[in-house]
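Biologist: Please pick one part of this model and take me through it closely. I would like to know how it is built and what surrounds it.

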Amino acid sequence: MAAAKAPGGMLKGTEPFDLATVQASLRAFSANANKTMNLFPEGSGQGDTAAAPKIWQTKADFDAKMKAFAAAADKAVNDIKDEATFKTAFPEVAKNCGGCHTDYRVKKS
C-alpha cells in the first residue's frame with residue numbers, strides 16, 4: 001500500500017518525521033481496511049488474483065483482521081502526537097497490516 005511508504009521510511013530513519021503525513025496514512029489504512037472487507041464476496045475468488053483462497057474459506061477471520069487493522073489505525077491517529085509516540089504506536093498498526101498479507105495473499109514466486 002502506497003500509504004505505508006513514507007511512515008515506513010520514517011521508522012527506518014530514511015525520511016523525516018511528519019505528523020500530517022503519518023495521520024493521512026493512518027486514515028488511508030482505516031478507509032482501505034473498511035473497504036477491503038466488501039471486495040471479496042462469496043464466489044468472487046475466480047480468475048487471476050493475488051488473493052489467497054483462504055479469504056473465502058475463512059471470511060469471518062479475514063473480516064475480523066480487517067476490522068482490527070482499521071481499529072489500530074484509528075487508535076493510532078489519536079495516540080500519535082510526535083515522533084516518540086509514532087515510534088511506539090505505528091509498529092502495532094504495521095503488525096496488523098502485515099499479518100493479513102501473510103495469511104491472505106498468494107506469495108509471488
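Modeller: A polar contact is a pair of N or O atoms within 3.5 Å; within protein, one atom must be able to donate a hydrogen and the other to accept it. That cut-off is needed at the start of α5, the part I have picked. There, a side-chain oxygen of Asp 82 comes to within 3.2 Å of the backbone nitrogen of Ala 84. Bear in mind that this is a predicted model.

Length comes next. Helix α5 covers residues 83-104, which is 22 residues. At 1.5 Å a residue, α5 should span 32 Å. The C-alpha atoms at its ends are 31 Å apart, so the span agrees with the expected value. There is a kink, though. A bend of about 30° lies at Ala 89. The proline Pro 91 follows shortly after Ala 89 in α5.

Now the buried side. In α5 the buried residues are Phe 86, Ala 89, Phe 90, Val 93, Cys 97, Cys 100 and Tyr 104. Ala 89, where the kink lies, is thus also on the buried list. The cover over these residues includes α1 (5-12), α2 (19-36), α3 (54-57) and α4 (59-79).

Two of the buried residues of α5 deserve a closer look. Start with Tyr 104. Lys 54 lies over the face of the Tyr 104 ring, 5.5 Å from the ring centre.

Then take Phe 86. Its relative accessible area is 1%, so Phe 86 is buried. The search of the whole structure finds seven aromatic pairs. Among them, Phe 17 and Phe 86 form a tilted pair, with 5.4 Å centre to centre and 50° between the planes. Phe 17 sits in the loop between α1 and α2, and Phe 86 in helix α5, so the pair ties together parts that are 69 residues apart in sequence. Phe 17 has 24% relative accessibility and therefore counts as partly exposed.

A further pair joins Phe 29 and Phe 69: the ring centres are 5.5 Å apart and the planes stand at 35°, so this pair is tilted. It links distant parts of the chain, with Phe 29 in helix α2 and Phe 69 in helix α4, 40 residues apart. Phe 29 is buried, at a relative accessible area of 3%. Phe 69 is buried too, at 5%. These rings belong to one cluster: ring pairs link Phe 17, Phe 29, Phe 69, Phe 86 and Phe 90.

That leads to α4, one of the helices over α5. Its 21 residues should span 30 Å at 1.5 Å a residue, and its end C-alpha atoms are 30 Å apart, which agrees. Buried in α4 are Phe 62, Asp 63, Met 66, Phe 69, Ala 70, Ala 72, Ala 73, Ala 76 and Val 77. They pack against α2, α3 and α5.

On the α2 side, look at Ser 30, a residue of that helix. Ser 30 counts as buried because its relative accessibility is 6%. Beyond its neighbours within four places in sequence, Ser 30 is in contact with Ala 70, Ala 73 and Asp 74. Ala 70 and Ala 73 are on the buried list of α4.

Ala 64 also lies in α4. Ala 64 is partly exposed, at a relative accessible area of 41%. From Ala 64 to Ala 94 is 30 residues in sequence and 16 Å in space, C-alpha to C-alpha.

Methods: Residues numbered from 1 in each chain as written. Predicted model: local features only at pLDDT ≥ 70, side-chain atom pairs only at ≥ 80, totals over all residues. Heavy atoms only, no water. Helix = DSSP H or I, 4+ residues; strand = E, 2+ residues; numbered from the N terminus. Expected span 1.5 Å × (residues − 1). Bend = angle between axes of the 7 residues up to and from the residue. Buried < 20%, exposed > 50% of the residue type's maximum accessible area, 1.4 Å probe, protein only. Contact = heavy atoms within 4.5 Å. Phe/Tyr/Trp six-rings, centres within 6.5 Å; stacked < 30°, edge-to-face > 60°. Lys NZ or Arg CZ within 6 Å of the ring centre and 35° of its normal.
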